[in-house]
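Welcome to a short set of exercises with worked solutions. Please keep the sequence and the 3D view open as you work through them.

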Amino acid sequence: MAETGKTIHLEIITPDAAVLNTDVSFVLVRALDGDLGIMPGHAPLIASLRIWPLVYEKDGKRNCVCVASGFLEVNGNTITVITPAAELPADIDLDRAERSRARAEKRLQEKKENLDEARAQASLKRALLRIDVAHKYGGK
Amino acid sequence: MPSAREINRRIKSVTNTQQITKAMKMVSSVRLRRAQERALATAPFTEKMEGMLQRLSAAIPGENNPLFIQRDVKRTCYIIIGSDKGLAGAFNSNINKEMVSLLKNKPRSASYLIVTGRKPVDYLKHLRITPDYKQTGFSDKPNFGHAQNLARKATEEFLAGNVDEVYLVYTKFKSALSQVVTQTKLLPIEPSVSEKSGPSEEYLFAPDAGQVLSTLLPQYIDMVIYNGLLQSAASELGARMTAMTGATDNAGELIEKLTVHYNKVRQAGITNELTEIVSGANALQ
């Protein structure tokens with residue numbers, strides 16, 4: 001682990017608001033080609049993210065944010081994540097996630113002619129991510 | 001000359017109208033504030049994304065992403081953003097005028113129309129033009145999903161070679177009093193050359209710059225459209241607020257005038273009656 005006391009600034013921005021703005025000691029994300037762990041003093045980096053929870057460590061405690069794809073930039077001592085949708089575990093609407101999972105599964109099973117497979121898959125992934133994170137980190 | 005009672009009735013009806021316009025003014029001013037906040041809230045997101053795009057295109061100068069490719073323009077796609085409801089002053093007629101000037105002097109097949117908002121769609125119907133794609137029902141409360149949907153449609157058409165250029169036509173919000181119809185080019189994206197000379201810092205990319213760019217570009221387009229939708233929503237509410245303020249003031253003026261008129265007529269009636277009584281009494285002496 002990084003020396004205690006050393007931190008890096010983490011910002012998570014969506015089109016509608018800044019979801020998170022805090023100093024952390026470690027960040028773990030999943031980029032298109034695999035997991036990335038970022039600690040203070042990281043070299044400048046730009047990465048595309050998968051639909052996967054972003055885990056960060058603050059004051060020795062691990063916490064998590066749902067990040068539905070997007071991008072991460074490390075510059076200086078700041079990590080900026082821009083993403084179309086991000087939620088803290090406490091803000092996840094579990095009912096809505098379950099509903100959208102059911103909808104996406106149904107769509108994938110029916111295999112209609114004009115089905116946009118990639119879109120349905122992405123929607124299913126987002127729903128599963130939300131459900132997973134909500135169970136693990138205690139949503140509503 | 002209308003009778004006193006008729007004038008009174010008129011005053012009542014104008015007062016009712018005034019109440020309605022006043023209520024609409026209040027509602028739109030509250031919603032305008034919220035819409036403005038939302039439009040402002042996207043600014044940091046847009047800024048970061050543009051910064052990232054700039055650094056990426058600096059890192060890979062000769063990139064041939066399909067979204068960058070310039071072709072001879074045979075067919076142009078316009079994304080028109082209008083509103084669903086009227087009573088917003090010149091908001092919709094400005095958009096309609098812009099739309100007509102874009103379509104004028106060109107065969108219908110030279111443009112591909114994506115229209116949002118019921119008002120422009122209705123106007124096109126009146127001109128016997130069918131939009132190629134339309135999406136209605138959200139003009140004053142757009143969300144990111146709507147923008148993604150429009151972006152996907154436009155990008156699909158562009159990549160399939162059906163259109164060679166995509167423009168976004170929206171109303172830029174300057175203040176509650178002034179909104180300007182604006183046209184911006186969405187596709188092909190013109191790689192911005194950063195003014196800062198030389199690579200300022202060496203970036204690492206995961207997985208690699210090309211792949212990051214190809215995932216970033218679609219989201220960049222989403223973002224530009226989303227910004228357009230939010231600006232238009234704020235403009236619509238601003239225009240409505242101004243229009244309704246004007247309407248309320250006018251109704252107030254009208255009521256004042258009518259009241260003066262009413263009092264005059266009433267006074268004239270009383271004078272008349274008095275003269276009649278006095279002359280009647282005189283005749284009896």
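Two strands count as paired if DSSP finds at least two bridges between them. Helices (H or I, at least four residues) and strands (E, at least two) are DSSP runs, numbered from the N terminus.

This is a predicted model, in which local features need pLDDT of at least 70, side-chain atom pairs count only at pLDDT 80 or more, and totals for chains, interfaces and linings use all residues. Residues are numbered from 1 along each chain as its sequence is written, chains are lettered from A and ligands numbered from 1 in the order in which they are written, and side-chain values use heavy atoms, with hydrogens and water left out.

**Exercise 1. Trace the partners of β6(A).**

Step 1. Start with the hairpin of β6(A) and β7(A): two residues lie between the strands, and A:Gly76 there has a positive phi near 60°. β7(A) covers residues 78-82 and pairs with β6(A) in the antiparallel sense over five bridges. Within that pairing, A:Leu72 is opposite A:Val81.

Step 2. Turn to β5(A), which is antiparallel to β6(A) (residues 61-75) over 13 bridges. A:Pro53 has A:Cys66 as its bridge partner. The hairpin between these strands also has two residues, and A:Asp59 takes a positive phi near 50°.

Step 3. Add β8(A), residues 86-87, joined to β6(A) by two bridges in an antiparallel arrangement. Here A:Cys66 is bridged to A:Glu87.

**Exercise 2. Follow β5(A) to its other neighbours.**

Step 1. Within chain A, β3(A) (residues 26-31) runs antiparallel to β5(A), with four bridges. A:Phe26 is partnered by A:Glu57.

Step 2. β3(A) in turn pairs antiparallel with β4(A) (residues 34-38) over five bridges, and a hairpin of two residues connects them.

Step 3. Now cross to the other chain: β5(A), residues 45-58, pairs with β6(B) in the parallel sense over three bridges. A:Ile46 sits opposite B:Phe205 there.

**Exercise 3. Describe the interface of the two chains.**

Step 1. Count the contacts (heavy atoms within 4.5 Å): 25 residues of chain B touch 29 of chain A.

Step 2. Take the buried area, which is the accessible area (1.4 Å probe) that two parts lose on being put together, summed over both. It comes to about 2300 Å², with 64% on carbon and sulfur atoms.

Step 3. Look for salt bridges (a side-chain nitrogen of Lys or Arg within 4 Å of a carboxyl oxygen of Asp or Glu). The rule finds three across the interface. One of them links A:Asp16 and B:Arg38, whose closest N and O atoms are 3.9 Å apart. Another joins A:Glu11 to B:Lys48 at 3.8 Å, N to O, and it runs from β1(A) (residues 8-13) to helix α2 of chain B.

**Exercise 4. What pattern does chain B follow along the sequence, and how spread out is it?**

Step 1. List the elements: chain B has six helices and six strands, in the order α-α-β-α-β-α-β-α-β-β-β-α.

Step 2. Compare its radius of gyration (over C-alpha atoms) with the globule rule, 2.2 Å times the number of residues to the power 0.38. The value is 29 Å, well over the 19 Å given for 285 residues, so chain B is more spread out than a compact globule.

Step 3. Check the extent: the C-alpha trace of chain B spans about 115 × 45 × 30 Å along its principal axes.
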